[in-house]
Structure formats: structure tokens, C-alpha cells
Amino acid sequence: MNDADVSRQIQQMVRFIRQEAEEKANEIAVSAEEEFNIEKLQLVEAEKKKIRQEYERKERQVEIRKKIEYSMQLNASRIKVLQAQDDVISSMKEAASKELLSVSHHHDWTLTHHDHVYRNLLKDLIVQCLLRLKEPSVLLRCRKDDLPLVEHVLDSAAQEYADKANVDPPEVIVDNQVYLPPGPSHHNAHDMYCSGGVVLASSDGKIVCENTLDARLDVVFRKKLPEIRKQLFGQVVA
């Protein structure tokens, strides 16, 4: 084999090696491109997933904030409604309290028909207290203005209690040192007051029966409050 043949063979081998190298390089390039595209797609999908998760998290936060804000507004509205209802009821009770003054108002020693009504009411209140206390000796307190009326009905009240309880008439001591507060006055609106009625206590002071008109009004309002709310406002706000 001469030099020319050797040279041709070498060139053929070089072309073959070069062709194989190019093919292999192309295969590597294609494989690398595919791997790059796959990895890029995975990264893109991972980022998309993160973005979706972050969006969903923020969306949930917005919904929670909306629910909290709605709940706060709803509670504030309920409080305003309840406050308005309480104001109406307080006004009713205040008006009723003023009416009590017309019940207990009297004209000193000149007894009118109205005074007779209040005098009989005092008697009934005293009898009711005696029936609750069931004590042989009691202390009675009243307003200073009511003292003449109380003294007028005291004996008959004690006897009525005795007849009802089938006992001897009790000893009723009227406190001439300490009186219940006078009726409310617009001049001293914050002072203690009593619209009328009596307070009786056992001789040792351990048992007290408060039977003032104001105390009875409080009892009636507490007892009738659900009914009053229903009559005025219908469905009670929860």
C-alpha cells in the first residue's frame, strides 16, 4: 500500500470519526435540550404552584378579614339596637317611676279620696311584710311625710295580719329617728329617693322586707322584662 492509499484511509477514518463525533455531539445537544426543557418546565410548574398557593393563602386571609369585619359590624349593630331598646325601656321605667309619685302624693292632714287610696295601699304593704316576716316584734320605716298615714293604719294592719296568720298582733315599732328618703326631686336628681311604701325588719335586723313602691316596680320590671321586650320589639335580638 502506497502513501496515497494510506492517506485516503486515514482521511476516511478521520471523516468517520468526525461524523460519529458530530452525531454524538448532536445527540448530546438534543438530550441536553430535552433535559433543559424538562427542568425548565418543572421549575415553571413549581413556581406556578407557589404562586397559586400564595394567591390562595392571601385569598383566604382576605376572606377571613371580611368575615371578621362583617362580624364586628354585625355585633356593633346589635349593640346599637340593644342599647336603643334599653334606652326605650329605661324611659318607660322612668315614666312609671314618676307615676308612682302621683300614687303616694298626699295633702298633709286633709285626706282626699286620693289620700285614702294611698293610705289603704300602705296598710296592704304593711300586712304583706308582716306575713313575710312572721315575727312577734318588727321595726317599721317610712317616709317622714307618710308617717301620719302609717300611724293611722298601723293597728288595723297588725290586726289583719293576726287574723290571717292566726297569731297575736305583733309589736310594730315605728322608727321616728331614721326615715326613708323623700320622693325624687328634679333639683337633686342623683340623690337617694323613695316614692312611697314601707320597709319592715325583724327586731334583730337580720330579716328585712323592702316593700317600697320603687322596690315593687323593680320586681315587676325584672319579671315582666321579657314580655315587655316582646311587646315592644317583637323578636329579641340574639
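## Glutamate 34 and its charged neighbours

In this predicted model, glutamate 34 has a relative accessibility of 48%, so it counts as partly exposed; the exposed class would need over 50%. Glutamate 34 sits in helix H1, which covers residues 3–104.

Glutamate 34 also belongs to a group: together with Glu33, Glu35 and Glu39, it forms a negative patch on the surface.

## A nonpolar patch on the surface

Helix H1 is home to isoleucine 10 as well. With a relative accessible area of 46%, isoleucine 10 is partly exposed.

If you look around isoleucine 10, you will find a nonpolar surface patch made by Val6, Ile10 and Val14. Taken together, these residues offer about 220 Å² of accessible area.

## Alanine 95, further along the sequence

Alanine 95 is another residue of helix H1. Its relative accessibility is 40%, so alanine 95 is classed as partly exposed.

How far apart in space are alanine 95 and valine 62, C-alpha to C-alpha? The distance is 49 Å, for two residues that are 33 residues apart in sequence.

## Arginine 229 and its polar contact

Now over to helix H4, which spans residues 213–233 and holds arginine 229. Is arginine 229 buried or exposed? Arginine 229 is buried, because its relative accessible area is 16% and the cut-off for buried is under 20%.

The side chain of arginine 229 has a partner, too: it makes a polar contact with the side chain of aspartate 86, at 2.5 Å.

Note on methods: Residues are numbered from 1 along each chain as its sequence is written. This is a predicted model: local features need pLDDT of at least 70, side-chain atom pairs count only at pLDDT 80 or more; totals for chains, interfaces and linings use all residues. Side-chain values use heavy atoms; hydrogens and water are left out. Patches are made of residues with over 30% relative accessible area and no salt bridge: like charges are joined within 9 Å, nonpolar side chains (Val, Leu, Ile, Met, Phe, Trp, Tyr) within 5 Å. Accessible areas come from the Shrake-Rupley method with a 1.4 Å probe; for residues, only the protein chains shown count as cover. A salt bridge is a side-chain nitrogen of Lys or Arg within 4 Å of a carboxyl oxygen of Asp or Glu. Lys and Arg count as positive and Asp and Glu as negative; His and the chain ends are not counted. The place of a charge is taken as NZ of Lys, CZ of Arg, CG of Asp or CD of Glu. Helices (H or I, at least four residues) and strands (E, at least two) are DSSP runs, numbered from the N terminus. Buried means under 20% relative accessible area, exposed over 50%, partly exposed in between (1.4 Å probe, protein chains only). A polar contact is a pair of N or O atoms within 3.5 Å; within protein, one must be able to donate a hydrogen and the other to accept it, and residues adjacent in sequence count only if both atoms are side-chain atoms.
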